[in-house]
Amino acid sequence: MQKLDAASPQASSTDFAADNVARLAALFPELVTEGPNGASIDVDALKTLVGERTVGDADEKYGFHWHGKRRARQAALTPSTGTLRPCPADSVAWDDTRHLMIEGDNLDVMKLLHKSYAGKVKLAYFDPPYNTGSDFVYPDDFSDSIRHYLSITGQADDGVKRGTNTEANGRFHTDWLNMIYPRLKLAHALLADDGVLAVHIDEHEVHALVLILREIFGEENELGVAVWDKRNPKGDARGLAYQHESLVLFARDAQTLYERAPLKRPKRNAQRMLDAARDALRKSATPADAAQTYRAWVKAQTGLSGGEAMYDRLSADGRAYRLVSMAWPNKKKAPDEYFVPLIHPVTQRPCPVPERGWRNPPATMASLLERGLIEFGADDTTQPQRIYYLDENMHENVPSVLPFGGSDDALLKALGVPFEQPKPVEFAQSVIGWCTSGDDIVLDCFAGSGSTGHAVMALNAADGGRRRYVLVQLPEPLDTHDKAQHAAAEFCRKLKKPATLAELTKERLRRAAQQIARDYPESTGDLGFRAYRLDSTNVIEWDPRRDDLDHALFASIEHIKMGRTDDDLIVELMLKLGLDLCTPVARHAVAGKAVHAIGTSIVACFDARITRDDAEPLAEGIVALLDTIGAVGSIGSIGTTRGDATCLFRDTGFVDDVAKLNLAVLLEQRGVKRVRSL
């Protein structure tokens, strides 16, 4: 039976540095050598491979540099030995939901999520601190991030006071850059191949943010910087009165994104226009009258975008459409075959050809004619145009200017949740709708009041989607003596909850779900969430802290920390084995022991006492359970063989080595090859 110890891959989150070494080794085996810390890269050998194409720290080179960047980069690579502890009492519909709300420092949480969710997040939607001088930018302790997290959130005796980042600080920009850089690196690692990162930011750090993202994602994956026109200039401006913020968008791989699902948004008024077209046809005596009625209706509308207003024509069968020139779009002349004239269907004479030729080759033009997608004029003196039907073009490109002056103050007041300047749900829904569909995962690591989770639930209810949200929020303490935080702190106190921002987030999600259920009574969408809390590892032996004798002595007796439950251990195993946190877990009684079936191929028994006499009935029962839950291939195509199953036990639960060996041998004889102990 193999014991999982501090050196096991399961003892920590992904080791990004080791993974990078492995990737380089796969490409260039000659680069790998043995160093003081194991497998290492021979930098001199790397230089020989690329010749003169190298630069060092002393060389002049293009890039974005600041004090602490090297440490910030290292912070993203350093594995976490923490875990997430389940909080069913704080959750809604734990057994049925697939949404996650995680309370903790997003730096460690994203590391812990990596094995389970790398390459699966479709949209990382962040609204980080803008570095205005009043928002909280906390310093990361790269040596022991979990202990530091417990300190800054008041969960440890040596609490660290929260502070602000004012311009008087000589490290005003570098503190913010060192905070945001590793989080963006981890977000990049979590995104799917066609995933998108969208970040809200204002004028304080927008330029720095774009430079960082170009470095992490590559300039070729920059989708653009949109201007969110909030329609309300700042009143305290000394220079320009900014009335906009920015939305920065990058793709994990832009080419893959364009091939699968280009960035588009629904035409806001398209359905209303289709309804007006049908009404015009139904109420008019002739198609010509219907076309005239519909065109007058379009002209009278003031809320249509320029692109929507172009669909002002009506076909004989009542379809709204627009006309577009088919002229060659470039300044240079088109090839000779692009000058073949179109014959007018009535006069049978050639129509005028654009000066630089047609946009499409003859075969395409013939296809458009056959499908009735070219409209001719009354005679052959008019140049034909291409027809685009509205019902076939319900989406449009996302523009670089996004006018939206709304506020959610009234919405939060109706929910009874006090929060200053929440991100508007309607705007968040728009962004999420551009980038996601179906059961895509939306990650927000700066959750705030929970606007992203609210928006995901509302959007699913509206369009029938099954999107999942994963929210992460630092449990920032709320100060009753701070005027801006007093109402929120009192709100938590009345709920008999800790006065932290994370508690506000969870309560907002609960109340938003209730409101959506009332607004969409026919919807069967997911309105729950599973709550988790970041903490140090459950396993003493995996905890790197060795600063007191009692801790070390206790580790030699009992490896599981006091107060940690089977559920705590199961979640840590799921994270470090790369399982989705919503993987079904079923509890069974086997030979008088509590045995947990995690998915279809993992069985865990953390009983505190397993004797020699327990070994055989426990082995028989576990094998029967594996057969029942579908872990053997005979169950069906989703099953696996017993050799692919994993059984986990509490190492100190065995009364002696004989009991441990007997159980391992009995399971191996029955085809279960992977037997591990904690």
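## Crossing of α6 and α7

A crossing is right-handed if the near helix is turned clockwise from the far one by less than a right angle. In this predicted model, α6 passes α7 in just such a right-handed crossing. The two helices pack at an angle of about 35°. Their axes lie 10 Å apart. Helix α7 covers residues 206-217.

Which residues make the contact? From α6 come Trp 176, Leu 177, Ile 180, Tyr 181, Leu 184, Lys 185 and His 188. From α7 come Ala 208, Leu 209, Ile 212, Leu 213, Glu 215, Ile 216 and Phe 217. By class, the contact of α6 with α7 holds 11 nonpolar residues, one polar and two charged.

## Crossing of α3 and α6

Helix α6 (residues 172-190) also meets helix α3 (residues 69-77). The axes of α3 and α6 come within 8 Å. They cross at roughly 35°. Here too the crossing is right-handed, with α3 passing α6.

On the α3 side, the contact uses Lys 69, Ala 72, Arg 73, Ala 75 and Ala 76. On the α6 side, it uses Asn 178, Tyr 181, Pro 182, Lys 185 and Leu 186. Six of the residues in this contact are nonpolar, one is polar and three are charged. Tyr 181 and Lys 185 of α6 serve in the contact with α3 and again in the contact with α7.

## A nonpolar surface patch

Leu 24, Leu 27, Phe 28, Leu 46, Leu 49 and Val 50 form a nonpolar patch on the surface. Its area is about 470 Å². Two elements give two or more residues each: α1 (16-27) and α2 (43-50). Leu 27 sits in helix α1.

Which element gives the most to the patch? Helix α2 does, with three residues.

## Salt bridges

Side chains of opposite charge can pair when their charged atoms come close. How many salt bridges does the structure hold? There are 38. One of them joins the side chains of Asp 90 and Lys 497. The N to O distance is 3.3 Å.

This pair links distant parts of the chain, 407 residues apart. Asp 90 is in the loop between β4 (83-86) and β5 (100-103). Lys 497 is in the loop between α16 (483-494) and α17 (501-519).

Notes:
Residues numbered from 1 in each chain as written. Predicted model: local features only at pLDDT ≥ 70, side-chain atom pairs only at ≥ 80, totals over all residues. Heavy atoms only, no water. Axes fitted to C-alpha atoms, helices over the stretch in contact; angles between N-to-C directions. Helix = DSSP H or I, 4+ residues; strand = E, 2+ residues; numbered from the N terminus. Contact = heavy atoms within 4.5 Å. Nonpolar A, V, L, I, M, F, W, Y, C, P; charged D, E, K, R; others polar. Patch = residues over 30% accessible without salt bridge, like charges linked within 9 Å, V, L, I, M, F, W, Y side chains within 5 Å. Areas by Shrake-Rupley, 256 points an atom, 1.4 Å probe, with all protein chains shown as cover. Salt bridge = Lys/Arg side-chain N within 4 Å of Asp/Glu carboxyl O.
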